[in-house]
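Student: I've just opened this one and could use some help. Can we go through a few parts together?

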Amino acid sequence: EEVLAAHEPIKELGLGIVAKIDLAEIRAPYLKAALIVIGFGLLIIFFGSLLFFRISSLIATQIIKGEETLAATTSELEFQKLALDEHAIVSITDVDGNITYVNDRFCAISGHTRDELIGQNHRILKSGEHDQAFYQDLWQTITSGKTWEGEIKNQKKNGDYYWVRATIVPFLDEQGTPFQYVAIRTDETERLETVTKLAESQIMISAVLENSPSAISVKGLDGLYLIVNKVWNDWFNPTHKEAVGKAVGDFFEPAHVSGIDAQDTEVLESGNAVSTETQTPHSDGTIRTSILQKFPVRDANNKIFGIGSMNTDISDRVRAEKEVTQFRTTLDHTQDCIFMFWPDPLRFFYVNQGGMTQVGYTQDELYKMAPFQIKPEFTEAEFRNMIQGLMEGPEHATTFETIHQHKNGNQVPVEI
């Protein structure tokens, strides 16, 4: 039998030791080690497979979530773009300023089609309102990577003008250099027109206030002055110290303040204008007759926020009316018959008592009549011709004899 053996000679004894080697015994440790390695390998493969499938599942889940997030983000961006397009006028230009994109609102407000705008420079909308320095500042700002904001007046295709509030944002590459510009605009035409009209109205109101012969003021509900005009200052504040924010008591004596407060209360409680003739003390110490009109000042919602006052000096008029009254009284008591009339239209405006007695008409009846109607010797044309010299020529008076016809038909010879 052929076996695997090991031989070791012992020279001193002249003997040798031969040992048979058991292959199964020798292989056993290696087989055991191999089985252990194979077991560990199988375990590694098993757990590796589990780990692989777990990681794959996680990756797949993340991919699905990522796709869902991307879809949601895309949808949100679409909504944002839709909202932006509905509200704003949007355009995109390249680094040379040539238009690469415009939204529908841009086309609608400019009057140009998309094909007419793409590839063009924004100079196509230039209105001539802004100078070259304006556009240089805009261009230098965005080319340096900064956002520019401002108002621009543009011209439509049909020649009309419109204003926009623009924000131009440069998009930068990795080196910080702009590669495109996005401009977002809102139509400001109506607002600016309203502001312009409001400014013009304020100028007109200011002109009226400053040139009015009346003293005009407006107080808030707290009793402090909001507005006073020049005449008000001339009458009550001769040093023209700042009146806005001051109270009535800073300019008037306590006795007069109480009367002003009572008038203000009446206006606020009734919500209506109040007009009275009053004696107004001026800063120069005089007391003058005035028509004082007070009225509530309301806001756009019809809510009262102040009290307006217009004080008109009628002292001269009152004095003149007294003089006229005295004059008429004198004329009424004179023995002569006095008739006064307008030349055009021919109508009496004053007849004294003597004149009414002479012709038998009442004052109201005569005020509806013409002079020639009580003079049977004159037609209207003849009477007009007779007074022509007084109206246009060098004559200051004319004297003639004629007849006045009484209401009862009697005729009275008179010298006019």
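Student: How far apart are the end C-alpha atoms of helix α4?

Tutor: Helix α4 covers residues 132–143, and helices here are DSSP runs (H or I, at least four residues; strands are E, at least two), numbered from the N terminus. The expected span is 1.5 Å times one less than the number of residues, so the twelve residues of α4 should span 16 Å. That agrees with the end C-alpha distance, which is 16 Å.

Tutor: By the way, this is a predicted model: local features need pLDDT of at least 70, side-chain atom pairs need 80 or more, and totals for chains, interfaces and linings use all residues. Residues count from 1 along each chain as its sequence is written, and side-chain values use heavy atoms, without hydrogens and water.

Student: Which strands do the buried residues of α4 pack against?

Tutor: Buried means under 20% relative accessible area, exposed over 50%, partly exposed in between (1.4 Å probe, protein chains only). In α4 the buried ones are Leu138, Thr141 and Ile142. They fall within an arc of 90° seen down the axis (using directions from the axis to the C-beta atoms), so they line one face of the helix. Counting contact as heavy atoms within 4.5 Å, that packing is against β5, β6 and β7.

Student: What is the order of the strands in the open sheet of five?

Tutor: Strands pair if DSSP finds at least two bridges between them, and the pairing here is antiparallel. β9 and β10 each have a single partner strand, so they stand at the edges. The order is β9-β8-β12-β11-β10.
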